[in-house]
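Some words used for structures have exact cut-offs behind them. The questions below ask how each word is earned.

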Amino acid sequence: MPDTIDQLREQIEAESIESAEEAEAFRIKYLGRNQGEIPDLFNQIGDLPPEERPEFGRRLNALKDRAQERIDEAKARLERQTQAGGPDIDLTLPGRRGFTGSTHPLTQTLDEILRILRGLGFSTHEGPEVETDWHNFTALNFPPDHPARDMQDTFFLKDAPEDEDPRVLRTHTSPGQIRIMEAHAPPIRVAVPGRVYRNEAISYKSFCLFHQVELLYVDENVTMAQLKQVLYSLARALFGEDVTLRFRPSYFPFTEPSAEVDVWWADEDADDGGQWMEILGCGMVHPNVFEAVNVDPEQYTGYAVGMGVERMAMLRHGIDDIRIFYENDARFLDQF
Ligand code: DAH
């Protein structure tokens, strides 16, 4: 007779309960007061030798609980299925992972730069990618036919009307300075992010398009010391508290004095111990630039900065070839 309980248990476990009707049939079959299998067995306890009765009763009670549990489970499951809109969905299965894209590493770095700059008081403005020659060069104190224009290999737009200023793909975000000052009187504190284009030989370190962020701060009594402070704050937030910067005197037509800034880059894998990497150009806004946009250089001073976003992203992630940002290779992009 003890085997009967084992057999009954197997039978109970094997039942499938897929509807409310089946649940009720299961209940009647195994637990029904009138001829249910388990109550039937309870009725037979009296036929057993007295010493076997307690153990048999205990096991039978456990089986009864298990049968009730199966009914409860099935009902809960059926209820969930109804809520989910149909019996095809088993919400207890592990989910299937959908493919989600991620933000491009350049966009991540750009967002991070702009986030830090917002904390330093810079709002964000964008300018056009197709610029007039005047905004891109002349107003920034590049004299006509001056060799300084050769610093940047320019893409000119074809078919510009003869009486109009030539149109160029902007070679830097600096014309953003001009556009802001045309539209707003000082004080000004803006960041201008954007794509820039240069007709350069493509290699691991230069591509025909890349991204810059321009900074412009114009007010009374703006100093180079403030410029340095802002650049240190930015570099610390981007590269870590112990970052080392080097300011090198340089030349740009639109700033005087001008500097280029390098960051000390210690690469554990390289045997040279580290090197200076240029990250940006900067300086005090040239009076001729102010005059081009009718800002009084006697009253106002300002600083300007132009930084390369690719360069920053390469340093942050240890990337050694700029072209990889533009190849859309999922094996690269998936890592970010
Ligand atoms: N526009 C320069 C370039 O693309 C970078 C630059 C240098 C921007 C100095 C500035 C600056 O605002 O002050 O090479």
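A residue is near a molecule or strand if one of its heavy atoms lies within 4 Å of it. The model is predicted, with local features needing pLDDT of at least 70 and side-chain atom pairs pLDDT 80 or more, while totals for chains, interfaces and linings use all residues. Residues are numbered from 1 along each chain as its sequence is written, and side-chain values use heavy atoms, without hydrogens and water.

Q: Which residues are the closest of those that surround the ligand?
A: The shell around the ligand holds 16 residues, and the closest are His-172, Arg-198, Gln-212, Glu-214 and Ala-304.

Q: What makes the pair between His-172 and the ligand a polar contact?
A: A polar contact is a pair of N or O atoms within 3.5 Å; within protein, one must be able to donate a hydrogen and the other to accept it, and residues adjacent in sequence count only if both atoms are side-chain atoms. A polar side-chain atom of His-172 is 2.9 Å from a ligand nitrogen, so the pair meets the cut-off of 3.5 Å. A backbone N or O atom of Val-305 is 3.2 Å from a ligand oxygen.

Q: How much of the ligand does the protein bury?
A: Alone, the ligand exposes 350 Å², and the protein buries 93% of that (Shrake-Rupley method, 1.4 Å probe; for residues, only the protein chains shown count as cover).

Q: Which strands each supply at least two residues of the shell around the ligand?
A: They are strand 5 (209-219), strand 8 (275-285) and strand 9 (301-308). Strands (E, at least two residues) are DSSP runs, numbered from the N terminus, as are helices (H or I, at least four).

Q: What makes strand 7 and strand 8 a pair?
A: Two strands pair if DSSP finds at least two bridges between them. Strand 7 (residues 255-265) and strand 8 have nine bridges, in the antiparallel sense, so they meet that definition. Thr-255 has Val-285 in strand 8 as its bridge partner. Strand 8 is also joined to strand 9, antiparallel, by five bridges; there Met-284 has Tyr-303 as its partner.

Q: Why is the sheet called open, and which strands stand at its edges?
A: Seven strands lie in the order 1-4-5-9-8-7-6, with mixed pairing. Strand 1 (123-124) and strand 6 (245-252) each have a single partner strand, so one side of each lacks a neighbour in the sheet. Strand 1 pairs with strand 4 (residues 188-197) in the parallel sense over two bridges, and Ser-123 stands opposite Val-190.
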